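Reader: Hi! I'm new to reading structures, and I'd like a close look at the aromatic rings in this one. Could you walk me through them?

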Amino acid sequence: MKRRDVLRNLSLLPLAGVIPVESLHAAPPKTAATTSPYFDPKTDLFAELGVTPIINALVTMTFLSGSLMLPEVLEAINSTSHDFANMYDLQDKAGAKIAAMLKVEAAMVTSGAACALTLGTAACITGNDQQKIKALPNLPGPQKEVIMQKTHRYLFDQAVRTTGVKIVEVTGAAEMEKAINENTVMALFFNAADESSITHEEFVAVAKRRKVPTFIDAAADVPPVENLFKYQQIGFDLVTFSGGKMIRGPQSAGLLFGRKDLIEAAKLNHSPHESPIGRPMKVNKEEIFGMYAALKVYLQKDHKKEWQEWLDRTKFISDYLKSVPTLVAETVIPEGVANVFPGMLLSWDQTKIKISAAEAVKQLLDGRPSIFAGRKQDKLSIGVVLLRPDQVEIVARRIKEVLTKAM
Ligand SMILES: *Cc1c(COP(=O)(O)O)cnc(C)c1O
């Protein structure tokens, strides 16, 4: 059975309850030793601000605060936040370690993959030319150009255009080659695009022949963990991944890695330098130490075991819902490269259970606890990978309540 195939036959899976994903447990950070008369650490800040905590039963989304940081990440932040550090030194040293871990020349921590897109583009434009760094995004002379496949245009190319470049759209390798001129500064590949007229290898080959740096956005493209190594091996000069998605580092962190001269130029365009285009995209030591810790954990963890735990969760939920008449629970793994992990699609006979998937989504969100689920056509879409172990049963129970109430 292919991984991406719909795993209809759940009975193939070993019978097991939900095995808690240990590393998914969001342990509270150790509180600082000092006590304050102004702040009781037991205060429920969600309640104090009137903000409802949400169970994310879908995928990582920025508007839902990304993913939950690993306990190791919270520990790394907490254990390093009591001292100052020279941020140039920390970025250099953490970058060197990360580069070694990813088998690449150089790396840095950014405030997210979107920041990496801006900094990587800026680096390709300016190199280490201080005049140009100061001038961005209003460089004198003809507008610089970034090449993208027409089918790769996406929301995040705004983060590239922030540097003042214009995007030149191409279809096919021959057109790409023809489009390259003296104003071309970079070629960007959107890894999760639905369609490509140029393969990764062709894209890199054409750009290398014409000495144009290539950048690939693979922000949401782990698992599998191997993808963290794949694109530099193909020959991309710059690669970015989000830190706050499945790697479970800080939400305001990301990785930019690749060619050493470009990473050095990207750093010159970033905080803690005071005036470049990347100064408002600051990362502090908490993000850097946190990102470093997250990557260390991600590279070492047992991904097979974690995958099985996710499957066990889908099995648990589908077993829990067995008594709901007409309900069909499918375990699905999405096609493509982004968000490729097990999730569930639930459907039912709506003449018997009189509720649409959209209404079920609304009731789950409006209920308590509030659960964020999704919808695919008229099926209820449930993600399991971001649930804390104690939330798996809660989600199953709430779905059952919402459906049986509509019978
Ligand atoms: C999430 C995402 C981004 C932005 O990543 P952040 O780390 O949130 O800045 C950029 N590109 C793609 C393809 C993404 O999925």
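Author: Happy to help; here is a walk through the aromatic pairs. This is a predicted model, in which local features need pLDDT of at least 70 and side-chain atom pairs count only at pLDDT 80 or more, while totals for chains, interfaces and linings use all residues. Residues are numbered from 1 along each chain as its sequence is written, and side-chain values use heavy atoms, leaving out hydrogens and water.

A pair of aromatic rings is described by the distance of the centres and the angle of the planes. Rings of Phe, Tyr and Trp (its six-membered ring) pair if their centres lie within 6.5 Å; planes under 30 degrees apart are stacked, over 60 edge-to-face, and the rest tilted. By this rule there are 10 aromatic pairs.

One of them is stacked: Tyr 154 and Phe 190, 4.2 Å centre to centre with 25° between the planes. Tyr 154 sits in the loop between β3 (145-149) and α6 (158-161), and Phe 190 in strand β5 (residues 184-190), so this pair links distant parts of the chain, 36 residues apart. (Strands are DSSP E runs of at least two residues and helices H or I runs of at least four, numbered from the N terminus.) Both Tyr 154 and Phe 190 are buried, meaning under 20% relative accessible area, with exposed over 50% and partly exposed in between (1.4 Å probe, protein chains only). Together with Phe 156, these two residues form one aromatic cluster.

Now look at Phe 316 and Tyr 320: their ring centres are 6.0 Å apart and their planes at 40°, so the pair is tilted. Both lie in helix α12 (residues 303-320), 4 residues apart, about one turn of the helix. Phe 316 is partly exposed, at 21% relative accessible area, and Tyr 320 is also partly exposed, at 23%.
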